[in-house]
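I am opening these notebook entries to record what I looked up in this structure, beginning with the contact between the chains and then turning to their symmetry and fold.

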2 protein chains.
Amino acid sequence: MDNVNMTGLDSNTEQLILKAARSVFTNKGFDGARMQEIADVAGINKALLHYYFRSKDKLFEAIFKEVLNTVFPKIIAVLMSPLTLFEKIEKVSYNYIEMLKQNPDLAIFVFHEISRNPERLVGNFKNVGADFKIIQTQITKEAEAGIIIPIKAEHLIANLISLCVFPFIARPVLMGMSGMNKDEYDRFIEERKQIIPHTLITAIKK
Amino acid sequence: MDNVNMTGLDSNTEQLILKAARSVFTNKGFDGARMQEIADVAGINKALLHYYFRSKDKLFEAIFKEVLNTVFPKIIAVLMSPLTLFEKIEKVSYNYIEMLKQNPDLAIFVFHEISRNPERLVGNFKNVGADFKIIQTQITKEAEAGIIIPIKAEHLIANLISLCVFPFIARPVLMGMSGMNKDEYDRFIEERKQIIPHTLITAIKK
DNA sequence: ATATGATTTAACCAACTGGTCAAAGATATA
DNA sequence: TATATCTTTGACCAGTTGGTTAAATCATAT
């Protein structure tokens with residue numbers, strides 16, 4: 001069992017633990033995750049988990065922050081940028097799907113967290129600068145300019161996020177129901193980069 | 001602690017258990033649920049759970065079937081009926097949202113199950129008669145008739161389901177981010193009965 | 001009244017869980 | 001080489017969990 005890394009640089013025990021913990025937590029959720037399994041995946045003794053991170057909660061917290069900070073800032077930055085609404089919809093669809101393609105488990109992870117500790121999620125979003133009012137102002141402005149028909153920011157954002165995230169959460173069911181294989185599903189996901197912006201933009205374009 | 005029902009009819013111990021189990025399982029998921037908590041909620045001794053249902057798994061299975069059979073047949077029936085695509089989109093949006101309004105926890109429950117046992121879900125859906133090919137045939141026909149632009153059935157169904165379900169799963173986050181109170185959120189959900197069909201139909205209408 | 005079967009309970013158990021700890025290995029420093 | 005510090009380990013612990021069981025209670029028919 002050689003978990004030692006050849007370069008001897010970044011892959012120390014702590015990194016090993018974080019990687020294992022991320023895999024187990026995102027796949028099983030907090031309740032379903034076992035410290036022993038994380039230790040096994042990392043190839044180390046269970047006590048080491050508590051040596052580096054005091055407790056299961058603290059270890060989870062570390063993963064949680066890591067995940068949220070690699071995931072959401074980019075998307076929120078786009079939403080809060082001075083692009084047009086249409087451009088924002090296109091960019092978020094592309095970035096969000098691309099990111100989820102590389103980390104397919106993150107969607108389930110975040111949804112697990114919604115039912116376990118939604119307040120922390122909200123706090124984290126607000127911390128990164130997410131604010132519905134900015135989008136609402138932009139919608140009002142573009143509606144007055146005759147570009148779009150008015151819509152509540154909550155609806156637009158809910159539509160955008162749900163259309164991007166859902167296929168990653170429901171993947172097993174969608175694959176099972178449609179008979180798609182892995183390649184076909186990847187193509188399906190890729191197509192959504194076009195379909196989602198088309199759907200949302202067509203619906204609000206004047 | 002009077003759990004006895006006055007009518008003396010349907011609310012026997014078994015019903016009491018099912019009701020409690022449904023509440024606990026849907027809110028906490030299988031891993032997060034505790035048999036003791038279910039017993040407490042039902043106001044009975046924990047051993048009675050095992051008297052009526054052999055194990056936690058069996059009890060969960062009972063809830064799972066009950067939930068799926070009260071929830072999905074109606075929506076799938078609409079999708080498989082001889083209505084037009086636009087009518088189906090409108091009816092499913094309305095029925096699905098209305099059903100989730102009355103059972104807001106079901107969305108989270110089903111999503112928990114997707115990561116725990118997706119095969120069972122797929123099997124159940126197929127059992128109820130869900131079939132993507134029927135929708136695909138209809139799409140092709142209506143596209144050839146010049147009513148809509150062609151789209152994969154997988155995309156259309158994924159769009160429809162995700163737009164309906166997402167606000168119920170992400171409710172705490174959406175409320176926290178937007179500052180909506182409970183009444184405002186109910187209104188928000190109600191509005192989606194119009195917005196979802198509008199969004200999806202506008203996007204595929206020729 | 002009482003025998004009989006179904007229901008309910010308190011007490012208990014083995015397995016598992018997160019977490020601790022003392023001791024053993026490493027590693028660097030002197 | 002001796003020593004001090006950091007890392008890693010196996011053994012262990014207390015609390016929790018799903019599940020069992022023998023006895024008590026209740027209902028019902030005779």
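Entry 1, salt bridges. I looked first for salt bridges between chain B and chain A in this predicted model, and the count is 2. I noted one of them in detail: the side chain of Lys152(A) meets that of Glu191(B), with 2.8 Å from N to O.

Entry 2, polar contacts and the elements involved. I then looked up polar contacts, and between chain B and chain A I find 10 residue pairs, with both residues of each pair at pLDDT 80 or more. On the side of chain B that touches chain A, at least two residues each come from α1 (13–32), α6 (106–116), α7 (118–127), α9 (153–169), α10 (171–178) and α11 (182–204) of chain B. Sorting the residues of that side by character, I get 25 nonpolar, 11 polar and 7 charged.

Entry 3, extent of the contact. How many residues does the contact take from chain B and from chain A? I read 43 residues from chain B and 43 residues from chain A. The area buried between chain B and chain A comes to about 4100 Å², and carbon and sulfur atoms give 76% of that area. Looking for the main contributors in chain B, I found that His155(B), Phe166(B) and Met177(B) supply 16% of the area that chain B buries against chain A, which is more than any other three residues supply.

Entry 4, symmetry. I next asked what turn lays chain B on chain A. A turn of 180 degrees, with a shift of 0.0 Å along the axis, superposes chain B on chain A with an RMSD of 0.1 Å, and therefore the relation is that of a two-fold axis. The same surface serves both copies, since 100% of the contact residues of chain B recur in chain A.

Entry 5, the fold of a single chain. Turning to chain A alone, I count 11 helices and 0 strands, so that reading from the N terminus on gives α-α-α-α-α-α-α-α-α-α-α as the run of elements. Taken along the principal axes, the C-alpha atoms of chain A fill a box of roughly 65 × 40 × 35 Å. Chain A has 206 residues, of which 50% count as buried. I also looked at the sequence separation of contacts within chain A: among those between residues at least 6 apart in sequence, 66% join residues at least 24 apart.

Methods:
Residues are numbered from 1 along each chain as its sequence is written. Chains are lettered from A and ligands numbered from 1 in the order in which they are written. This is a predicted model: local features need pLDDT of at least 70, side-chain atom pairs count only at pLDDT 80 or more; totals for chains, interfaces and linings use all residues. Side-chain values use heavy atoms; hydrogens and water are left out. Contact means heavy atoms within 4.5 Å. Buried area is the accessible area (1.4 Å probe) that two parts lose on being put together, summed over both. A salt bridge is a side-chain nitrogen of Lys or Arg within 4 Å of a carboxyl oxygen of Asp or Glu. A polar contact is a pair of N or O atoms within 3.5 Å; within protein, one must be able to donate a hydrogen and the other to accept it, and residues adjacent in sequence count only if both atoms are side-chain atoms. Helices (H or I, at least four residues) and strands (E, at least two) are DSSP runs, numbered from the N terminus. Ala, Val, Leu, Ile, Met, Phe, Trp, Tyr, Cys and Pro count as nonpolar, Asp, Glu, Lys and Arg as charged, and the others, Gly among them, as polar. Copies are superposed by least squares on the C-alpha atoms of residues with pLDDT of at least 70 in both. Buried means under 20% relative accessible area, exposed over 50%, partly exposed in between (1.4 Å probe, protein chains only).
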